[in-house]
Amino acid sequence: MSTPNDIFVRTLPNGLTVLLQEAHDAPLASFWVWYRVGSRDEHPGLTGISHWVEHMQFKGTPSLAKGAIFRDVSKHGGTLNALTSNDWTAYYETLPADRLDLSLQIEADRMANSLFDPEETDSERTVILSERQGAENTPTFLLYEEVVGAAFRAHPYRHMVIGHETDLRTISRDDLYDHYRRYYAPNNAFVVAVGDFDAAELYNRIETAFGQIERGSDIKRRQAVEPPQRGERRVTLRRPAPTAYLRMAFHAPNAQHPDTPALLLADAVLSGGKGMGLGGGGPMGRSARFYRALVAAGLARSGSSDFDLYVDPYLFTVGVTALPGVDPSQIEAVVDAELARLRDDAVSESELARALKQLKAQYVYSGEGVTNRAFWLGQMEMVDSYRRVASLIDELEAVTPDDIQRVAQTYLQPETRTVGWLVPDGEGGGGTGEEEVDAAALHRRWFFNPSSTTIPGTESRRAPFERREIENGTVILGQARPDDPSVFVRLRLAAGAVHDRGDRAGLAAFTARMLSRGTTTRSFAQFNEETDGLGATVGFETGRLFVEVAIRCLREDLPALLDLAADVLRNPTFPEEEINKVRHELLTAIREQDNDTRSSADRALRRLLYPAGHPYARRTGGERETVSAIDRDDLVAFHGAHYGPSVMVAAVVGGVPDIDSTAALISDRFTDWQPHVVPARSPGPPPEPGRSRRERVTIAGKSQADVAIGFPVPSRSDPDYYALDMANLILGRLGLMGRLGASVRDRQGLAYYAFSQIEPGREGSIWVSRAGVDPSNVEQALSSITAEVRGLRDDGVSDEELTDAKSYLTGVLPLALETNDGVAATLLNIEHYGLGLDYLDRYPAIVNALDAAQVQQAARQYLDPDRLAAGIAGPADSA
């Protein structure tokens, strides 16, 4: 990823250190300012204050009006966010490189001149309380909070970054401002930038922008040292939940400790290599010990371990989501046995090699894009030194099996652990039902803007998009980036949930989950060993229209991964033993979805928008009774009818020499695959609603309510779509979630998030607005959203809003093109909607041709507040 020699390092006279790395593969740059302050610097009564100060940094300065930061970055085609962790707070902007001075202006200004208006403080208090309530809706958050609090008695790591609710209700404006003035100074900060710039020239601009800021007082930290834990500690929570959850914590060393590399590998042996930095390659470890002993054995939906890098000694944690009905003592006994095996027996050389390959691959994946690379440099500088980015792989390669056994014996002892169980007390309090929420990650980093997930790309230097079609009908899309060390592949098949029968809802998702569970040439265990051994990830995703196989691998391993993909798509055997395991996992996911406020509100909205029996009114994963009824014959029949090359599109992006050679690799593996496939089904557009209506869902044990409101709008191919999309951008996306965010979050403080989006379709789309609010504020939030929709219709958009929206859309071109996965998704959407490979070249002219009258007309015609359907899910007092 980088070496110490290619990092430009200087320190200004006021103490601000600057780390710059040139990257000229795209005309982008990511600019970060890191402050050495996090929740470890907080005292009792002021927990959560670092995160709250981060929020206040977006409220303006004497020269930057409130809201200007998001507006200015957005209109220049950039993205931004802020993060607070236990050890640090960081702010970043990723922009076209020629607009990087905007970042310098923003960050230098708010380092010294942020305003802490008392009214803004009170408004933001309710936003942060809403953020806390949203986290509490996830039972693993509450369990993790209790376990961490029990594990630490002296060190401030014992409280969550978000803080205690009691403190959040009493922290004052003066408390916040004092914290800001104490820690926000150049000598307590450093800058990291990665991108398309000349480092020496950029340093001169940074010196001009930041050099006049006065050095702050030296900070004398008297950090508490956690005393040794002298016995096991236990916590049991009894709350409404769909199943039981285990969290186990062992005290572990900090990032600088020489045992850290061995613990990272011990973590990978137990549950696979984890993503590094801000990005990463997704979950690995289905051949790892916890997966085999817990998930493959049919005891748990997930089983994982976690070890991350901190300034002070933190924790090595274990987390398990039990399957319903499994005795918690059985789960704990299995975890104990696996930890004892790690202590008692040295891992084999082959197991160590597999864990090492995963971590080395994750290291490569974490360097994809300037934003990820800048974060990784900054994180390492924060917990140790930026030089560690270059040395970490060498450290990992030096670890031996004896080292792993030694650190397991040193740190993973039952006598010094903290064990926490959340035991169900009635149904409720579930997660999303997709991938389990990572409560440990949630504890580590809190983002200012939860909807800011887009990383921009500009295309003046991009390699061409290319398209090929092979004899059997498979379409191959691609963008060759020969210097990229990794490759991302998406194989999209028109085999989604739209093909489910009502009494077999969930069949498409069940079939996709079974693809890797055994083929004519490989068992599920062999498949997992091969993917983990290559440091690759293979995921199966089911949507309403499509099933996608998502592959990330190192470029030299692409042929082997395509072999695996061809095998699971063409030759699944659907073994009965695996069917029963997958069924249990899917039923657990349904239970969790039924008890998650956001997904329950969305399902309620869809039931209102679509008639009974319409495929879009159903959950893609099915219902308990339908999934229970699916048998092997159903799976075999569905696969035979809906999987084939004529309904497959492949997108390949990254380190391939050219698209023709890649097309040949795919053709070699799929040309003779010629099953009879049923044509893709058309779901049909949603009917036009005649009036507003609501559906409310009560879920016990929740702190926050979620609302989802919407109505049908035209298809993606409708001539009015671009004007409507711009209207929605201004309404619910631009800057900090558009007008909705400005009203519901910023001015009124009703919600941590409030935004809107268009979910496009070829036959019809839907407009949806979502918000997470305090249960007592549901009606006010709904009224405010409705009022903003009505105001857009009645008053139209201003010239400034229109200009900003056009600048944003043409600057982004399109969303998420910095990463290989983002490009692959863009290519698939271009193909699906028939936009043409030159779409990105034509897009600026399409957007710039729109005028305010067209945007208002689209809003008037399609955004009708009198037709709103609203799904509301939360505790009894919100319903």
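A residue counts as buried when its relative accessible area is under 20%. Keep that cut-off in mind for the close-ups below, which come from a predicted model.

**View 1. Strand β9 is largely enclosed by the rest of the structure.** Of the eight residues in β9, six are buried, so the strand is largely enclosed by what surrounds it. Look next at its partner: β9 and β10 run antiparallel and are joined by seven bridges. To find your place along this pair, spot aspartate 306, which stands opposite threonine 317 in β10.

**View 2. Five strands make up an open sheet.** Reading across, the order is β7-β11-β8-β10-β9, and the pairing is mixed. The edges belong to β7 and β9, each of which pairs on one side only. From one strand to the next, the twist averages 10°. At the β7 edge, seven bridges connect β7 with strand β11 (residues 417-424), and this pair is parallel. A handy landmark here is valine 235, which stands opposite glycine 420 in β11. Helix α9 packs on the sheet and touches β9 and β10, with its direction at about 175° to that of β9. Helix α20 (residues 576-594) packs on the sheet too, touching β8, β9 and β10, and its direction makes about 75° with that of β9.

**View 3. Helix α14 has its buried residues on the same side.** Which residues of helix α14 (residues 388-397) are buried? They are Arg388, Val389, Leu392, Ile393 and Leu396. These residues cover an arc of only 145° around the axis, so they lie on the same side of α14. The spacing has a simple background: an α-helix has 3.6 residues a turn, so residues three or four places apart point the same way. Among the elements covering the buried residues of α14 are α9, α12 (349-366) and α13 (370-383).

**View 4. Aspartate 312 and arginine 40 form a salt bridge.** Their closest N and O atoms are 2.8 Å apart. How many residues separate the two along the chain? The answer is 272, and the pair links distant parts: aspartate 312 sits in the loop between β9 and β10, while arginine 40 sits in the loop between β3 (28-35) and α1 (49-56). Aspartate 312 has a relative accessible area of 14%, so it counts as buried. Arginine 40 is buried as well, because its value is 10%.

**View 5. Arginine 221 meets aspartate 41 in a salt bridge.** The N to O distance between these side chains is 2.7 Å. Arginine 221 lies in the loop between α8 (199-210) and β7, and aspartate 41 in the loop between β3 and α1, 180 residues apart. Are the two partners buried or partly exposed? Arginine 221 is partly exposed, with a relative accessible area of 32%, whereas aspartate 41 is buried at 6%.

**View 6. A helix and a strand are linked by arginine 110 and glutamate 93.** The two residues form a salt bridge, with their closest N and O atoms 3.4 Å apart. Arginine 110 belongs to helix α3 (residues 101-113) and glutamate 93 to strand β5 (residues 89-96), 17 residues apart. Both arginine 110 and glutamate 93 are buried.

**View 7. Six residues join in a network of salt bridges.** The members to look for are Lys59, Lys66, Glu120, Glu124, Arg745 and Asp746. The model as a whole has 76 salt bridges.

Terms used: Residues are numbered from 1 along each chain as its sequence is written. This is a predicted model: local features need pLDDT of at least 70, side-chain atom pairs count only at pLDDT 80 or more; totals for chains, interfaces and linings use all residues. Side-chain values use heavy atoms; hydrogens and water are left out. A salt bridge is a side-chain nitrogen of Lys or Arg within 4 Å of a carboxyl oxygen of Asp or Glu. Helices (H or I, at least four residues) and strands (E, at least two) are DSSP runs, numbered from the N terminus. Buried means under 20% relative accessible area, exposed over 50%, partly exposed in between (1.4 Å probe, protein chains only). The arc is that of the directions from the helix axis to the C-beta atoms. Contact means heavy atoms within 4.5 Å. Two strands pair if DSSP finds at least two bridges between them. Axes are lines fitted to C-alpha atoms, for helices over the stretch in contact, and angles run from 0 to 180 degrees between N-to-C directions.
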